[in-house]
Amino acid sequence: MNELRFKDGIKDGLPIALGYLSVSFTFGITAVNMGIPAITAVLISLTNVTSAGQVAGIGIIAAGGGYAEMAMAQLIINLRYALMSLSLSQKLDSRYNIWHRLSTSFCVTDEVFAVASGKNGEIPARYMYGLILLPYLFWSGGTAVGAFVGSILPDEVKSALGIAIYGMFIAIIIPPSKKSRGVLFTVITAAALSCLICYVPLFSGISSGISIIICTVIAASLGALLFPREVREEPVDE
Amino acid sequence: MNNTVYLFWSVAVMALVTYLIRMLPLAAFRRKIKSKFVMNFLYYVPYAVLSAMTIPAVFYSSNGIISAIAGFVVAAVLAFFERGLLTVAVCACGSVFVTELIIRLTGG
């Protein structure tokens, strides 16, 4: 049988890593724009390796949000990883011991999960290490370059780059909204709730992290109730 | 509160929660999720999160709301025609830059 090697992982990880470069670069710039120190932005990428959670996180930090708010927001936003890890755990080979599980679970991203779960047969630890190595390095490195570049750019350029991360988010959510009424409904509901919380004076005490939690839980619950899908093993990439 | 201490603990909380979510199911639990509602809920979560984070924040992402709206419209149109992440982001940035340049030049 053709066993997966470390080298196979590296090869499969390269395209993921290249995709991460632009997103992490933008994350670095966004963080510095929000007043987060460059070194903190890099530290966040080194320890989290997740796009949506990190952007929500720097928003909470910039607003001086509490630790409980931070923990809650990360839990809701990143809960989908639990599902991916669970699904992945069924595919690991018998020599995939607890130490390998503790270390590789750190880097289960949407893209890493998608590639790993698409492999035929069992997955050895050495393949997973190869798969996550480049994405992890590029994610952290891209953030460092973005944060550094963001610190020295003139104001007009920084102002223009501030929209980049939202441009990427828009590029992620609009195409599936065309194909799935459930996604469209969820996207519109979340945006409407977010505006409601932002602009209605009654809700002015609600901070950014809590707002994301409220919008996500309500919009995704309504989406799940009103537009249930055929249940599959893996969630679709973000 | 000391700013460095606050930054450190915020990042620590963030990293710990994110890690536990990924690690526990891989290292400890073995049960499959059976609830159809939970599966559907988790499927819709990324879209809800990204949408709530983008709107209305995108309109305040640049130096002025007009340029931000221009960038948003360009991004939305390109995304509708299924251009890639990078294309959409770069064109949105370009629109903001050009709009702000026009506003400055016309003394707006």
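Q: Is Lys119(A) buried, partly exposed or exposed?
A: The model is a predicted one. Burial is read from relative accessible area, and partly exposed covers the range between under 20%, which is buried, and over 50%, which is exposed. Lys119(A) has a relative accessible area of 24%, so the residue counts as partly exposed.

Q: With which residue does Lys119(A) form a salt bridge, and how far apart are the closest N and O atoms?
A: A salt bridge is read from the distance between a side-chain nitrogen of Lys or Arg and a carboxyl oxygen of Asp or Glu, with a cut-off of 4 Å. The partner of Lys119(A) is Asp12(A), and the closest N and O atoms are 2.9 Å apart. Asp12(A) belongs to helix 1 (residues 6–33) of chain A, while Lys119(A) sits in the loop between helix 6 (110–117) and helix 7 (125–152) of that chain, so the pair ties together parts 107 residues apart in sequence.

Q: How many salt bridges does the structure hold over all chains?
A: The count over all chains is eight.

Q: Which residues are linked in a network of salt bridges?
A: The network links Glu3(A), Asp93(A), Arg95(A) and Arg126(A). Within this group, Asp93(A) and Arg95(A) meet through their side chains at 3.7 Å, N to O. Asp93(A) is buried, at a relative accessible area of 9%, whereas Arg95(A) is exposed, at 54%.

Q: Which residue of chain A forms a salt bridge with Glu82(B)?
A: Glu82(B) pairs with Lys179(A), with 3.2 Å between the closest N and O atoms. This pair crosses between chains: Glu82(B) is in the loop between helix 3 and helix 4 of chain B, and Lys179(A) is in helix 9 (residues 164–179) of chain A. Lys179(A) is exposed, with a relative accessible area of 62%, while Glu82(B) is partly exposed, with 40%.

Q: What is the sign of phi in Glu82(B), and what is its value?
A: Most residues other than glycine have a negative phi. Glu82(B) is not a glycine, yet its phi is positive, at about 60°.

Q: What is phi of Val49(A), and is that residue buried or exposed?
A: Val49(A) also has a positive phi, near 50°, and is a residue other than glycine. Its place is in the loop between helix 2 (38–48) and helix 3 (51–62) of chain A. Val49(A) is buried, since its relative accessible area is 2%.

Q: Which residues are joined by a cis peptide bond?
A: The general expectation is simple: most peptide bonds are trans. Here the bond joining Ile55(B) and Pro56(B) is cis, with omega about 5°. Pro56(B) lies in the loop between helix 2 and helix 3 of chain B.

Q: How far apart are the end C-alpha atoms of helix 2 of chain B, and what span should its residues have?
A: The check is to compare the end-to-end distance with a rise of 1.5 Å a residue. Helix 2 (residues 36–54) of chain B has 19 residues and should span 27 Å; its end C-alpha atoms are 28 Å apart, which agrees.

Q: Where does helix 2 of chain B bend, and by what angle?
A: The bend is about 35° at Tyr44(B), and a proline, Pro46(B), follows within four residues.

Q: Which residue caps the N-terminal end of helix 2 of chain B?
A: The cap is Ser35(B), which places a side-chain oxygen 3.3 Å from the backbone nitrogen of Phe37(B).

Q: How many residues of helix 2 of chain B are buried?
A: The helix is mostly covered, with 16 of its 19 residues buried. Asn40(B) is in this helix. Asn40(B) counts as buried because its relative accessible area is 2%. A polar atom of the Asn40(B) side chain lies 2.8 Å from the backbone nitrogen of Arg229(A).

Q: Which helix gives the most to the nonpolar patch?
A: That is helix 3 (residues 65–80) of chain B, with six residues. The patch covers about 950 Å², and its members include Tyr199(A), Tyr60(B), Ile65(B) and Ile103(B). Ile65(B) is in helix 3 of chain B, and its 43% relative accessibility makes it partly exposed.

Q: What separation do the C-alpha atoms of Gly205(A) and Gly118(A) have?
A: They are separated by 45 Å, and the two residues are 87 residues apart along the chain. Gly205(A) is in the loop between helix 10 (181–199) and helix 11 (208–226) of chain A. Gly205(A) is exposed, at a relative accessible area of 74%.

Technical notes: Residues are numbered from 1 along each chain as its sequence is written. Chains are lettered from A and ligands numbered from 1 in the order in which they are written. This is a predicted model: local features need pLDDT of at least 70, side-chain atom pairs count only at pLDDT 80 or more; totals for chains, interfaces and linings use all residues. Side-chain values use heavy atoms; hydrogens and water are left out. Patches are made of residues with over 30% relative accessible area and no salt bridge: like charges are joined within 9 Å, nonpolar side chains (Val, Leu, Ile, Met, Phe, Trp, Tyr) within 5 Å. Accessible areas come from the Shrake-Rupley method with a 1.4 Å probe; for residues, only the protein chains shown count as cover. Helices (H or I, at least four residues) and strands (E, at least two) are DSSP runs, numbered from the N terminus. Buried means under 20% relative accessible area, exposed over 50%, partly exposed in between (1.4 Å probe, protein chains only). The expected span of a helix is 1.5 Å times one less than its number of residues. The bend at a residue is the angle between axes fitted to the seven residues ending there and the seven starting there. A polar contact is a pair of N or O atoms within 3.5 Å; within protein, one must be able to donate a hydrogen and the other to accept it, and residues adjacent in sequence count only if both atoms are side-chain atoms.
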